[in-house]
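Me: I would like to look closely at a single part of this protein chain and to understand how that part sits among its surroundings. Please explain it in connected prose that a first-year student can follow.

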Amino acid sequence: LQAERIMDWAQRIQNAFESNLYRVFLQKIVNRDRQLIGYEALVRMQDETGKIIPPGSFMPAVKRMGWNGRVDQWMLDTVIKSAEFQQLKQSTHGKIYMSINLDAKSIGDVSFSQWMLALLDDCDIDRGMLRFEITEMEQLQGTETEVHLIDELTRRGYRVWLDDFGTGYNSFDLLKRLKVHGIKIDTSFTRDLLSDPINRALVD
């Protein structure tokens, strides 16, 4: 039964690629003064009726099928070529940034890394406007391919963050090997920050 559900989602995911049924949703990022400083680009799927499907419904099948890089490619290509991104660039003069998620398996793939760097080099981008968040940290290994991509993005002027930091056994070890600009601490530590002294100590 589970295998049937996965194959059903695999067919729907494939159909979404062929029928252009993926959508980009922008989530506001604000500072402590509630001032807008950026947006996080998030992928959603639309079904044939127009209903928006949240990632929790289809991303497990994407990961099971090994299509993480395919989704990341669609997101990156779509976002940086979108009219919204260009309008944001013109209206804010690079003061508002766009953050795009990259799956750990994507940055560990040589072909994806080469494609990504070539795409960024070909596009006229204000590099301070674009940030990348590496997700699924438990899949990170600190391999030569991963290190190379992060180093190349940094050298080109982009900022790289680790998402959901604190999960997985190797989080702190990765900080020694990956030259990232920042971390986003996992919500399991921040959700009860005001009431849980252990969470406060861990975040500190």
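Reply: The account below begins with the chain as a whole, turns to one strand and its partners, and ends with a helix and the core.

The model is predicted. The protein chain has 10 helices and 7 strands. Its radius of gyration is 18 Å, close to the 17 Å that the globule rule gives for 204 residues, so the chain is as compact as a globular protein of that length. Along its principal axes, the C-alpha trace spans about 45 × 45 × 40 Å. Buried residues account for 42% of the 204 residues. Among contacts between residues at least 6 apart in sequence, 63% join residues at least 24 apart.

The part chosen for a close look is strand S2, residues 36–46. Of its 11 residues, 9 are buried, so the strand is largely enclosed by the rest of the structure. Its pairing with other strands can be followed one partner at a time.

One partner is strand S1, which covers residues 22–30. S1 and S2 pair in the antiparallel sense over 9 bridges. Within this pairing, Gln27 stands opposite Glu40 in S2. Leu26 also lies in S1. Not counting residues up to four places away in sequence, Leu26 touches Tyr39, Glu40, Ala41 and Met98. Leu26 has a relative accessibility of 40%; because a residue must be under 20% to be buried and over 50% to be exposed, Leu26 counts as partly exposed. By contrast with those contacts, the C-alpha atom of Leu26 is separated by 25 Å from that of Leu149, a residue 123 places away along the chain.

The chain passes between S1 and S2 through a hairpin with 5 residues between the strands. Arg34 lies in this loop. Its phi is near 65°, a positive value in a residue other than glycine. At 70% relative accessibility, Arg34 counts as exposed. A positive phi is also found at Asn20, which is not a glycine and has a value of about 55°. Asn20 is placed in the loop between helix H1 (2–18) and S1. With a relative accessible area of 49%, Asn20 is partly exposed.

Another partner of S2 is strand S3, residues 52–53. These two strands pair in the antiparallel sense over 2 bridges, and Met45 stands opposite Ile53 in S3. The hairpin of S2 and S3 has 5 residues between the strands, and Gly50 takes a positive phi near 95° there.

S2 also pairs with strand S4, and here the two strands run parallel, joined by 4 bridges. The bridge partner of Tyr39 in S4 is Met98. Tyr39 and Met98 are both among the residues that Leu26 touches.

Strand S4, residues 97–103, leads from S2 to another part of the chain, for S4 is included in what covers the buried residues of helix H6. Helix H5 (104–107), helix H3 (68–80), strand S5 (130–135) and helix H7 (144–155) are also included in that cover. H6 itself has 13 residues, numbered 110–122. At 1.5 Å a residue, H6 should span 18 Å, and its end C-alpha atoms are 18 Å apart, which agrees. The buried residues of H6 are Phe112, Ser113, Met116, Leu117, Leu119 and Leu120. Seen down the helix axis, these buried residues fall within an arc of 160°, so they line one face of H6. The face turned away from this buried side carries the exposed residues Gln114 and Asp122.

The nonpolar core completes the picture. In soluble globular proteins, nonpolar side chains tend to be buried together. The largest nonpolar core here has 53 residues, of which Phe58, Leu130 and Phe132 touch the most other members. H3 gives the most to this core, with 6 residues. Leaving aside its neighbours within four places in sequence, Phe132 is in contact with residues that include Met116 and Leu120, two of the buried residues of H6. Other contacts of Phe132 include Leu76, Ile100, Leu102, Leu153 and Trp161.

In summary, S2 is largely enclosed and pairs with S1, S3 and S4, while S4 in turn helps to cover the buried residues of H6.

Notes. Residues numbered from 1 in each chain as written. Predicted model: local features only at pLDDT ≥ 70, side-chain atom pairs only at ≥ 80, totals over all residues. Heavy atoms only, no water. Expected span 1.5 Å × (residues − 1). Buried < 20%, exposed > 50% of the residue type's maximum accessible area, 1.4 Å probe, protein only. Arc of directions from axis to C-beta. Contact = heavy atoms within 4.5 Å. Pairing = 2+ DSSP bridges. Core = buried A, V, L, I, M, F, W, Y, C linked by side-chain atoms within 4.5 Å. Rg over C-alpha atoms; globule rule 2.2 N^0.38 Å.
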